[in-house]
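Hi everyone, thanks for making time this morning. Let me put the chain up on the screen, and then we can walk through it together.

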Amino acid sequence: MRFLLIAFSICVLTACQLTKQPETARTVEMYNREGDMVGTAKLSEDPDGVKVKFEMEGLIPGFHGLHIHEIGECEPPDFKSAGNHYNPENKKHGLLHPDGPHIGDLPNIEADSSGKVDTEQTINDATLLEGKKNSLIDKGGTSIVITAEPDDGLSQISGDSGQRIICGEIKDDKDETDEEEPTNPAETEKK
Ligand code: ZN
């Protein structure tokens, strides 16, 4: 109880966003094949899964494939390091496939005529919580990959969506959660 009171007081004093932004919320930086940052994906836990708000620019106008991949490594220029689509439930690829989709299959995103993307999507049945089913951050995390072509929703194994052009890593960043947590007393020893 005392901890809660103290935590609350600190929040009031520092205007922290404890109520608005739980610990699981995170911002993923999105990079293109040249290694330039082209925008962000803001992730937050939602009753249906994980909500993602994209804000990017510099894309070729039109539709592009969007998938969550199984490995949290984005090594330009081809981003093959991200592995395949995130598919913990062993389904077929494609939002239109009768035996699909992968958890990581998301609707195509559209870049407007100036190459900007400003949209929100939900990764259904996924979570940002550690140790839970379909967690996006367990085992080194996952990644968000955007492709040159739109996903046709059916073709195996990735919807015929072309080259990977943008990638962002969803992984636990220790720097972001560098706050007092009543978990491990031994850790308070470190200086
Ligand atoms: Zn897929």
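**A walk through the sheet**

Let's begin in the middle of things: strand β1 and strand β8, which covers residues 164-170, run antiparallel and are joined by two bridges. One place to look is Asn-32, whose bridge partner in β8 is Ile-166. Please keep in mind that this is a predicted model.

Now to the other neighbour of β1. Strand β1, residues 26-32, also pairs with strand β2, residues 37-46, again in the antiparallel sense and over six bridges. Here Thr-27 has Lys-42 in β2 as its bridge partner. The β1 and β2 hairpin has four residues between its strands, and in it Gly-35 takes a positive phi near 85 degrees.

Let's zoom out. The chain has one helix and eight strands, and the helix leads in the pattern α-β-β-β-β-β-β-β-β. How are the eight strands ordered in the open sheet? The order is β5-β4-β7-β8-β1-β2-β3-β6, with antiparallel pairing. That puts β5 and β6 at the edges with a single partner strand each, so each has one side without a neighbour in the sheet. On average, neighbouring strands of this sheet are turned by 25 degrees against each other, direction ignored.

For β6, the pairing with β3 is antiparallel and runs over eight bridges. If you follow that pair, you will find Lys-53 opposite Glu-120 in β6.

On to the packing. Of the chain's 191 residues, 32% count as buried. The largest nonpolar core has 33 residues, and Met-30, Ala-41, Leu-43, Val-50, Ile-123, Leu-136 and Ile-144 have the most contacts inside it. Two or more residues of this core come from each of β1, β2, β3, β4, β5, β6, β7 and β8. Take Ile-123 from that list: setting aside residues up to four places away in sequence, Ile-123 touches Gly-49, Val-50, Val-52, Ile-68, Ile-103 and Leu-106.

I picked two more residues to show you. Thr-142 sits in strand β7. Is Thr-142 buried or exposed? There are 31 other C-beta atoms within 10 Å, and buried takes 20 or more, so Thr-142 is buried. Beyond four places in sequence, the contacts of Thr-142 are Ile-68, His-69, Glu-70, Gly-72, Tyr-86, Leu-136 and Ile-170. With His-69 the sequence separation is 73 residues, while the C-alpha atoms are 5.6 Å apart.

The other one is Asp-99, in the loop between β4 and β5. Asp-99 has 9 C-beta neighbours inside 10 Å, and the limit for exposed is 12 or fewer, so Asp-99 counts as exposed. Leaving aside neighbours within four places in sequence, Asp-99 is in contact with Lys-91 and Lys-92. Its C-alpha lies 10.0 Å from that of Leu-154, a residue 55 places away along the chain.

For the whole chain, among contacts between residues at least 6 apart in sequence, 58% join residues at least 24 apart.

Last, a word on confidence. The average pLDDT of the chain is 87, with 79% of the residues scoring at least 70. Where does pLDDT stay under 50? That happens over residues 175-180, and for this stretch the model has two contacts beyond four places in sequence. Thanks, and I'm happy to take questions!

Definitions and conventions:
Residues numbered from 1 in each chain as written. Predicted model: local features only at pLDDT ≥ 70, side-chain atom pairs only at ≥ 80, totals over all residues. Contact = placed C-beta atoms within 7 Å. Pairing = 2+ DSSP bridges. Core = buried A, V, L, I, M, F, W, Y, C linked by C-beta atoms within 7 Å. pLDDT = per-residue confidence, 0-100. Axes fitted to C-alpha atoms, helices over the stretch in contact; angles between N-to-C directions.
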